[in-house]
Amino acid sequence: MNTWEAITGIIILVIGVTVFWQNYNTVTQCNTIGGKISTAITSIFGGTGAQACYNSTILEIGSIITAIIGAVIVYAAIIKKPRR
């Protein structure tokens with residue numbers, strides 16, 4: 001097992017899961033009735049509510065990909081045989 005690769009993979013995995021969870025919560029709030037009304041009102045008056053919801057959706061997808069990459073790195077580090 002390559003320790004540094006495993007540590008790097010775990011860090012990337014944790015970052016991906018954390019960012020996913022934060023953006024998942026934001027997207028969930030955007031999709032509630034209150035969130036849709038708030039987004040519509042702030043968009044009318046020049047706010048960035050709709051853009052924030054859109055960005056959270058994109059970041060949610062990107063963080064899933066990041067977490068998958070981290071998991072693959074961890075898996076590859078674990079199955080790799082050490083050099084002697």
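**Close-up 1. Trp21 and its aromatic partner in helix 1 of the predicted model.** Trp21 is exposed in this predicted structure, because its relative accessible area of 51% lies over the 50% cut-off for that class. Trp21 and Tyr24 both belong to helix 1, where they sit 3 residues apart, about one turn of the helix. Tyr24, with a relative accessibility of 37%, counts as partly exposed. The ring centres of Trp21 and Tyr24 are 5.6 Å apart and the ring planes meet at 25 degrees, so this pair is stacked; the angle that qualifies as stacked is one under 30 degrees.

**Close-up 2. Phe20 and Tyr24, and the aromatic cluster they share with Trp21.** Across the whole structure, the search for aromatic pairs returns 2 of them. One of these joins Phe20 to Tyr24 in a stacked arrangement, with 6.0 Å from centre to centre and 25 degrees between the planes. A pair of aromatic rings is described by two quantities, namely the distance of the centres and the angle of the planes. Phe20 and Tyr24 are both found in helix 1, which spans residues 3-30, and they are separated by 4 residues, about one turn of the helix. Phe20 has a relative accessibility of 24% and therefore counts as partly exposed, the class that Tyr24 also falls into at 37%. Taken together, Phe20, Trp21 and Tyr24 make up one aromatic cluster.

**Close-up 3. Ile10 of helix 1 and its distance to Val72.** Ile10 is a residue of helix 1, and at 44% relative accessibility it counts as partly exposed. Although 62 residues separate Ile10 from Val72 along the sequence, the C-alpha atoms of Ile10 and Val72 are 9.8 Å apart in space.

**Close-up 4. A nonpolar surface patch that includes Ile44 of helix 2.** Five side chains, those of Ile33, Ile37, Ile41, Ile44 and Phe45, make a nonpolar surface patch of about 610 Å². One of these residues, Ile44, is located in helix 2, which covers residues 33-44. Ile44 counts as exposed because its relative accessibility is 65%, a value that lies over the 50% required for that class.

How values were computed
Residues are numbered from 1 along each chain as its sequence is written. This is a predicted model: local features need pLDDT of at least 70, side-chain atom pairs count only at pLDDT 80 or more; totals for chains, interfaces and linings use all residues. Side-chain values use heavy atoms; hydrogens and water are left out. Patches are made of residues with over 30% relative accessible area and no salt bridge: like charges are joined within 9 Å, nonpolar side chains (Val, Leu, Ile, Met, Phe, Trp, Tyr) within 5 Å. Accessible areas come from the Shrake-Rupley method with a 1.4 Å probe; for residues, only the protein chains shown count as cover. A salt bridge is a side-chain nitrogen of Lys or Arg within 4 Å of a carboxyl oxygen of Asp or Glu. Helices (H or I, at least four residues) and strands (E, at least two) are DSSP runs, numbered from the N terminus. Buried means under 20% relative accessible area, exposed over 50%, partly exposed in between (1.4 Å probe, protein chains only). Rings of Phe, Tyr and Trp (its six-membered ring) pair if their centres lie within 6.5 Å; planes under 30 degrees apart count as stacked, over 60 as edge-to-face and the rest as tilted.
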